[in-house]
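This report goes through a helix pair, a pocket and a small sheet, in that order. The structure is shown first.

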Amino acid sequence: MFHLDRPMYLLGYLANQSRVYLIDKEFNVVGYTLLLSLIEYKTLVMRGDLEHANAILPTIPKEQHNSVAHFLESRGMLEEALEIATDPNYRFDLSVQLGRLEIAKEIAIEARSESKWKQLGELAMSTGKLDMAEECLLEATDLSGLLLLYSSLGDAEGVTKLASMAKEQGKNNVAFLCLFMLGKLEECLQLLVDSNRIPEAALMARSYLPSKVSEIVSIWKKDLQKVNSKAAESLADPAEYPNLFEDWQIALDVEASIAPKRGIYPPAEEYMAYAARSTESLVEAFKSMNVQEEELPSENGDVAPEVIEDGVEESQEDAVEVEADDSTDGGVLVNGNDVLTPDQ
């Protein structure tokens with residue numbers, strides 16, 4: 001069907017050419033293709049007579065099949081439209097709408113389109129087809145999507161590969177997150193330094209790798225010296241001024257105790273076991289642990305006195321020694337000292 005931009009008059013229809021001819025007031029003749037078979041097919045579909053409509057379909061030229069498919073899509077007949085459509089992009093869109101991922105994958109392979117791979121990968125992930133999702137996201141080089149997938153699965157090997165891919169492509173944000181999740185804090189620091197994010201590296205070292213603070217501060221001073229020498233001199237090094245860094249020694253002890261556990265990656269299925277853990281910082285937990293080790297409270301809340309082997313409690317003071325003496329006139333001697341009696 002065509003919309004005319006000016007009044008025109010019908011001249012006639014040539015069945016052997018499947019064209020209708022029109023003329024305007026200026027005697028301009030225009031011809032339009034008008035397939036009777038296409039009109040008849042659409043009429044039968046509108047009536048719901050799909051059996052006879054499918055019988056007429058082979059008489060419709062191939063170049064008109066996409067038009068037929070669009071007509072069927074408008075009627076909500078997506079399956080039939082997918083079977084008839086010939087345009088790859090249109091068939092891909094119909095496959096995605098129907099959730100026919102295998103057909104969409106075949107089209108994406110032929111088209112070699114990054115956008116199609118990415119769209120298909122997101123759809124596969126949302127439908128739980130994770131193997132297909134990984135393949136599609138790799139083809140699309142969608143690093144953010146891969147980060148979401150691997151981190152959700154707890155796939156340490158996949159995260160390691162992704163970190164290498166991100167470094168090669170200069171995607172430092174993704175590379176940093178991958179290395180951080182893997183507990184490779186030294187590589188995180190180096191990545192920040194290589195990216196000229198030295199202040200961020202210093203702050204990260206203070207939080208996670210206090211043993212590296214002096215090294216990063218030295219690099220920071222050299223870099224800052226080029227811009228402002230006074231500001232560079234004002235940077236404090238914990239090796240020289242440990243008093244300026246709160247709980248500095250405890251932070252070093254925490255780092256040493258946690259370091260062996262950084263390479264242990266629990267599976268994602270154990271997430272709930274870790275979700276309920278305290279949000280207390282490691283430094284605070286370490287301090288509390290030291291306090292508990294130094295003081296073992298008794299049942300009434302007091303510090304328990306030392307107990308000797310035979311079960312008799314040993315007091316910090318010597319035992320009271322009481323001796324009777326006639327010369328004291330009723331008094332007593334306490335540790336050799338003369339003490340008055342109550343009636344004195």
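The model is predicted. In it, helix 8, which covers residues 130–139, packs against helix 9, which covers residues 143–153. The angle between the two is about 150°, and their axes are 9 Å apart. The crossing of helix 8 and helix 9 is left-handed. On the side of helix 8, the contact is made by L130, A133, E134, L137 and L138. Helix 9 contributes G145, L146, L149, Y150 and L153. Sorted by class, the contact of helix 8 with helix 9 consists of eight nonpolar residues, one polar residue and one charged residue.

Helix 9 also has a part in the largest pocket, since it is among the elements that give two or more residues to the lining. The volume of this pocket is about 1800 Å³. Its lining is made up of 41 residues, and those nearest the centre are I258, K261, R262, R277 and L282. By class, the lining has 26 nonpolar, seven polar and eight charged residues. Besides helix 9, the elements that give two or more residues to the lining include helix 10 (156–168), helix 11 (172–181) and helix 13 (198–208). Helix 16 (248–258), helix 17 (271–275) and helix 18 (282–294) also belong to this group.

The two sets of residues described so far are listed by class below.

| Set of residues | Nonpolar | Polar | Charged |
|---|---|---|---|
| Contact of helix 8 with helix 9 | eight residues | one residue | one residue |
| Lining of the largest pocket | 26 residues | seven residues | eight residues |

The remaining part is an open sheet of three strands, with the order 1-2-3 and antiparallel pairing. Strand 1 (9–14) and strand 3 (29–33) each have a single partner strand and stand at the edges, so one side of each is left without a neighbour in the sheet. From one strand to the next, the twist averages 25°.

Strand 1 pairs with strand 2, residues 19–23, in the antiparallel sense over five bridges. Which residue of strand 2 is the bridge partner of L14? The partner is R19. Further along the pairing, G12 stands opposite Y21 in strand 2. Strand 1 and strand 2 form a hairpin, with four residues between them. In the turn, S18 has a positive phi of about 55°.

Terms used: Residues numbered from 1 in each chain as written. Predicted model: local features only at pLDDT ≥ 70, side-chain atom pairs only at ≥ 80, totals over all residues. Heavy atoms only, no water. Axes fitted to C-alpha atoms, helices over the stretch in contact; angles between N-to-C directions. Left-handed = near helix turned anticlockwise from the far one by under 90°. Contact = heavy atoms within 4.5 Å. Nonpolar A, V, L, I, M, F, W, Y, C, P; charged D, E, K, R; others polar. 1 Å grid on protein atoms, 1.4 Å probe; cavity = no way out; pocket = protein on both sides within 12 Å on 5 of 7 lines; lining within 4 Å. Points joined across faces, edges and corners; volume = space filled by probe spheres on them. Pairing = 2+ DSSP bridges.
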